[in-house]
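Please examine the structure shown here and consider how its parts pack together. The discussion takes the form of questions and answers.

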Amino acid sequence: MTTAGTQSGTGRIGILGSGQLGRMIAIAAAQLGIDTHVYAPDADGSPAGAVATTTTTASYEDIESLRRFAADVDVVTSEFENVPAATMQVIGEICLASPGVAALQAAQHRIAEKTLAAGLGIATPRFWQVGSLADLSVAMKALDAPAILKTCRLGYDGKGQVRISPGDDLGNALAEVGSDDAILEEMIGFDGEISALLARDADGHIMHFPVSQNRHENGILVRTVAPAPIVPALEEAARTAAAALAEAVNLVGLLAVEFFVATDGRLLFNEMAPRPHNSFHWTIEGCATSQFAQLARVLAGLGFGDTTPYGRWQMDNLLGQHMKDVPALLSEAGTHLHLYGKPEARQDRKMGHVTRRLGD
Ligand SMILES: Nc1ncnc2c1ncn2[C@@H]1O[C@H](COP(=O)(O)OP(=O)(O)OP(=O)(O)O)[C@@H](O)[C@H]1O
Ligand SMILES: [Mg+2]
């Protein structure tokens, strides 16, 4: 693979997307002497655009703008997995594209990613494809237990999901989800949720991060504790599963995988994202190399950085409703405060995060 940077840091990374993940990739790249170019429909003044070297504000369907963007950089990555396949194809004809089409296609669709995992021998919650009310009735009858109905595409932070119990009105549930491309999953009783993250380079070498333990409220990540206080066998199983998935899609870049640790002890695949992940923001202060720096290093061909953790860490997301706490956090000792520069503090919108060191 030709790479974006050199040891002297002269390369240029293109980033699709304008949010906080793009912002933190751009900041990490800048620290390594690498320029960034952010491309998004709302790039100007956005969280990512505000810290990038250059921006292009254009739609993901604008072929001419995409071509100019790709010609201006050495490699393009994406802060979100829902990039249209055609967008990546246009880019891939001109420069290197990470994480690769197979990784995006799998991660864009909940049934595709669970089918991929199951095919690799990675356990998942039981699931059914739902395209109609008839499908949903058949699936609920087969399951006969609490479930979650989710859109297969474009869901995030628990959006596009509805919980169903036997006896509920299934028509209402389907209308609420509003999609004829949906998945019904059994509701897992879990002791906890964990996520694994790895970086994979163009030669297929893999570097893992310590596994994170996560708590969600209303489908939104609220707190991560890392390294996860779990038995080594569970950590090993999560890493092995993540590596198998990365290899299966020939990933170049980062792959995050979310799991449930079921009450019966089984590790169950939930979903994967071929990009930096909210549950690894703690690596900015907590690891020798952050997830963002690792991605920039892989894209620039600088080799992996060390991912040894500096003790135990906690990361709390700052949602719109938490912004009133910011003045107090600014004066709290030992707190690493990150704000994403989003103007409007809406309920449940991710505005920033706070990282604290818990101990050795
Ligand atoms: N089958 C399930 N059983 C139990 N809990 C679930 C199940 N599916 C989802 N959840 C809960 O809802 C949360 C969000 O679900 P999921 O990860 O599928 O959605 P998402 O919208 O893609 O989330 P995010 O973007 O925050 O990762 C999970 O982390 C978990 O807490
Ligand atoms: Mg999730």
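The turns below concern a predicted model and treat a helix, a ligand site, the nonpolar cores and a loop residue.

Q: Which residues of helix 3 are buried, and why do they line one face of the helix?
A: The buried residues of helix 3, which spans residues 85-92, are Thr87, Met88, Val90 and Ile91. Seen down the helix axis, these residues fall within an arc of 160°, so they line one face of helix 3.

Q: Which exposed residues does helix 3 carry on the face turned away from its buried side?
A: The buried side of helix 3 is covered by elements that include helix 2 (63-72), strand 4 (75-78), strand 5 (96-97) and helix 4 (101-107). The face turned away from that side carries the exposed residues Ala85, Ala86 and Gln89.

Q: Between which domains does ligand 1 lie?
A: Ligand 1 is surrounded by 18 residues, the closest being Tyr156, Glu185, Ile188, His216 and Gly219. Strand 13 (220-226) and strand 15 (267-273) each supply at least two residues of this shell. Because both domains give residues to the shell, ligand 1 lies between domain 2 (126-186) and domain 3 (190-359).

Q: How many residues of each class, nonpolar, polar and charged, does the shell around ligand 1 have?
A: The shell around ligand 1 can be divided by residue class. The division gives seven nonpolar, five polar and six charged residues.

Q: Between which domains does the largest nonpolar core lie?
A: The largest nonpolar core has 79 residues, of which Ile25, Leu245, Leu255, Val257 and Ala296 touch the most other members. Both domains give residues to this core, so it lies between domain 1 (12-97) and domain 3 (190-359).

Q: How many residues does the other core, lying apart from the largest one, have?
A: Phe127, Ala139, Ile148 and Leu149 are among the members of this other core. The core lies apart from the largest nonpolar core and has 16 residues.

Q: Which residues does Leu255 touch, not counting those up to four places away in sequence?
A: Leu255 is one of the residues of the largest nonpolar core that touch the most other members. Not counting residues up to four places away in sequence, Leu255 touches Leu198, Arg200, Ala242, Leu245, Ala246, Met272 and Pro274.

Q: Does Phe304 count as buried, exposed or partly exposed, and why?
A: Phe304 lies in the loop between helix 10 (291-300) and strand 16 (312-319). Leaving aside neighbours within four places in sequence, Phe304 is in contact with Ala199, Met207, Gln294 and Arg297. Because Phe304 has 15 C-beta neighbours inside 10 Å, this residue counts as partly exposed.

Note on methods. Residues numbered from 1 in each chain as written. Chains lettered and ligands numbered in written order. Predicted model: local features only at pLDDT ≥ 70, side-chain atom pairs only at ≥ 80, totals over all residues. Buried ≥ 20, exposed ≤ 12 C-beta atoms within 10 Å, placed from the backbone. Helix = DSSP H or I, 4+ residues; strand = E, 2+ residues; numbered from the N terminus. Arc of directions from axis to C-beta. Contact = placed C-beta atoms within 7 Å. Near = placed C-beta within 6 Å. Nonpolar A, V, L, I, M, F, W, Y, C, P; charged D, E, K, R; others polar. Domains from an automatic or database assignment. Core = buried A, V, L, I, M, F, W, Y, C linked by C-beta atoms within 7 Å.
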